[in-house]
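Let us walk through this structure together. We begin with a pocket, then move to a helix and its aromatic neighbours.

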Amino acid sequence: MFITIEGMDGSGKSTQAKQLAEYLRDKFGAEKIVLTREPGGTEIGEQIRAVIHSLQNQEMSSVTEFLLYNAARAQVVAQVIRPALAQGKIVLCDRYADSTLAYQGYGRQLDLDMVTRVIHYATGGLTPDVTFYIDISIEEGLARRNHGHARGEELNRMDTQTREFYERVRRGYETLMAQEPTRWVRVNGAREIGAVQNEMRGTLEAILKTNAG
Ligand code: ADP
Ligand code: TYD
C-alpha cells in the first residue's frame, strides 16, 4: 500500500508522517513499513534537494526546479518505493507527485499537461492508494514555519515565495482534491498534533479493513 501526505508548508506533514509510521510499525512490524520523503529519500535525491532548496540558487528557473523535483522523484520511486511495494510493504511518503502539480503546475503556472506527462515519466505511472491532505491556512502554516525557523529548523528557497504563489498552490490542491475525491482524505490540520494523528489513524484503519475484506 502506498500512502502519501500532502499540504502547505508548515501544515504538519513531517510530524504526522513520523507518528503514523511509528503506529504502523507497532501494528505490522518495523520491517513492513517504509517512511520516505520528497524531495529526497535517497542519497542522490538528498543531493538534488540541496540544490533545489539552496537559498543561494535564487536565479533557478521554474523549469529547472520542476525537472529537479522530478529527477529526485524518479530516483526514490526506482530505488525505494517500487522495491518496497513489490515486497508487500506499506510505503509512507511525505510529499509526492501532487506537490509538483500544486507548486510547479498551479504555483509556478507551468503547463499542466506537460507537468502531468513528466510526472508520469518520472514515476512510471505509480500513483498513491491514499493521499492525506493536512488542511491549514496559509497564515497558520507560515506562522508555524517562522516559529520553527526561530528554533533552528531549515529555511529553504521554497519558503521565500510570495503570498500569491502560496494562494495558487492552495487553490491547486483544492482542484486536485475535487478531481479525485476518492483518493484524497482531507484532515483539519489546525488542531493539536495528537488530534490530527488520531483522525489519520482512524481513517487508515478503516481503509485497511476495507482492503482486507
Ligand atoms: P511540514 O512537514 O508540513 O512542513 P512540520 O511537521 O515540519 O510540517 O511542522 C512545522 C512546524 O509546526 C514544526 O515546528 C512543528 O513542530 C509544528 N507543528 C506541527 N504540527 C503542529 C500542530 N498540530 N500544532 C502546532 N504546531 C505544529
Ligand atoms: P520541506 O522542507 O520538505 O517542506 P515541508 O516541510 O513543507 O514539506 O521542503 C519541501 C518544499 O519543496 C516545499 O516548499 C514544497 C516544495 N516542493 C515543490 O515545490 N515541488 C515538489 O514536487 C515537492 C516534492 C516539493
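Keep in mind that this model is predicted. Start with the elements around the largest pocket. Seven helices and strands are worth finding: α1 (13-28), β2 (33-37), α2 (43-53), α3 (62-86), α4 (97-107), α6 (138-150) and α8 (193-212) each give at least two residues to its lining. The largest share comes from α1, with six residues.

How much space lies in the largest pocket? The figure is about 950 Å³. Its lining counts 39 residues, and the closest to the centre are Gly 10, Lys 13, Ser 14, Asp 94 and Arg 145. By class, 16 lining residues are charged, 14 are polar and nine are nonpolar.

Now turn to the second largest pocket. It holds about 300 Å³ of space. Here 17 residues form the lining, and Asp 98, Leu 101, Ile 119, Thr 127 and Arg 183 are the closest to the centre. Three elements give two or more residues each: α4, α5 (112-123) and α7 (163-179). The most come from α5, which supplies four. This lining has eight nonpolar residues, six polar ones and three charged ones.

Helix α4 has appeared at both pockets: it gives at least two residues to the lining of the largest, and two or more to that of the second largest. Is α4 enclosed by the rest of the structure or exposed? Of its 11 residues, 11 are buried, so the helix is largely enclosed by the rest of the structure. The buried set includes Asp 98, Thr 100, Leu 101 and Tyr 103. What do these buried residues pack against? Their partners are β1 (2-7), α3, α5, β4 (130-135), α7 and β5 (184-188). Just past the end of α4, Gln 109 takes a positive phi of about 60°.

Take one residue of this helix, Thr 100, which lies in α4. Thr 100 has a relative accessible area of 1%, so it is buried, the cut-off being under 20%. Leaving out residues up to four places away in sequence, Thr 100 touches Phe 66, Tyr 69, Asn 70, Arg 73, Gly 105, Val 115 and Ile 119. One of these contacts, Arg 73, has a further role in the picture. Arg 73 lies over the face of Tyr 96, at 5.8 Å from the ring centre.

Aromatic rings come next. Two values describe a ring pair: the distance between the centres and the angle between the planes. The model has seven aromatic pairs. In one of them, the ring centres of Tyr 103 and Phe 165 are 6.1 Å apart and the planes meet at 55°, so the pair is tilted. Tyr 103 sits in helix α4 and Phe 165 in helix α7, so the pair ties together parts that are 62 residues apart in sequence. Both residues, Tyr 103 and Phe 165, are buried.

Tyr 103 also pairs with Tyr 173. Their ring centres lie 6.4 Å apart with the planes at 85°, so this pair is edge-to-face. Tyr 173 is in helix α7 and Tyr 103 in helix α4, so the pair ties together parts 70 residues apart in sequence. Tyr 173 is buried, as is Tyr 103.

Which residues do ring pairs link into a cluster? They are Tyr 103, Tyr 133, Phe 165, Tyr 166, Tyr 173 and Trp 184.

Key
Residues are numbered from 1 along each chain as its sequence is written. Chains are lettered from A and ligands numbered from 1 in the order in which they are written. This is a predicted model: local features need pLDDT of at least 70, side-chain atom pairs count only at pLDDT 80 or more; totals for chains, interfaces and linings use all residues. Side-chain values use heavy atoms; hydrogens and water are left out. On a 1 Å grid over the protein atoms alone, a cavity is a set of points where a 1.4 Å probe fits but cannot get out, and a pocket is an open set with protein on both sides within 12 Å along at least five of seven lines; lining residues have an atom within 4 Å of a point. Grid points are joined across faces, edges and corners, and a volume is the space filled by probe spheres set on the points. Ala, Val, Leu, Ile, Met, Phe, Trp, Tyr, Cys and Pro count as nonpolar, Asp, Glu, Lys and Arg as charged, and the others, Gly among them, as polar. Buried means under 20% relative accessible area, exposed over 50%, partly exposed in between (1.4 Å probe, protein chains only). Contact means heavy atoms within 4.5 Å. Rings of Phe, Tyr and Trp (its six-membered ring) pair if their centres lie within 6.5 Å; planes under 30 degrees apart count as stacked, over 60 as edge-to-face and the rest as tilted. A charge sits over a ring if NZ of Lys or CZ of Arg is within 6 Å of the ring centre and within 35 degrees of the ring normal.
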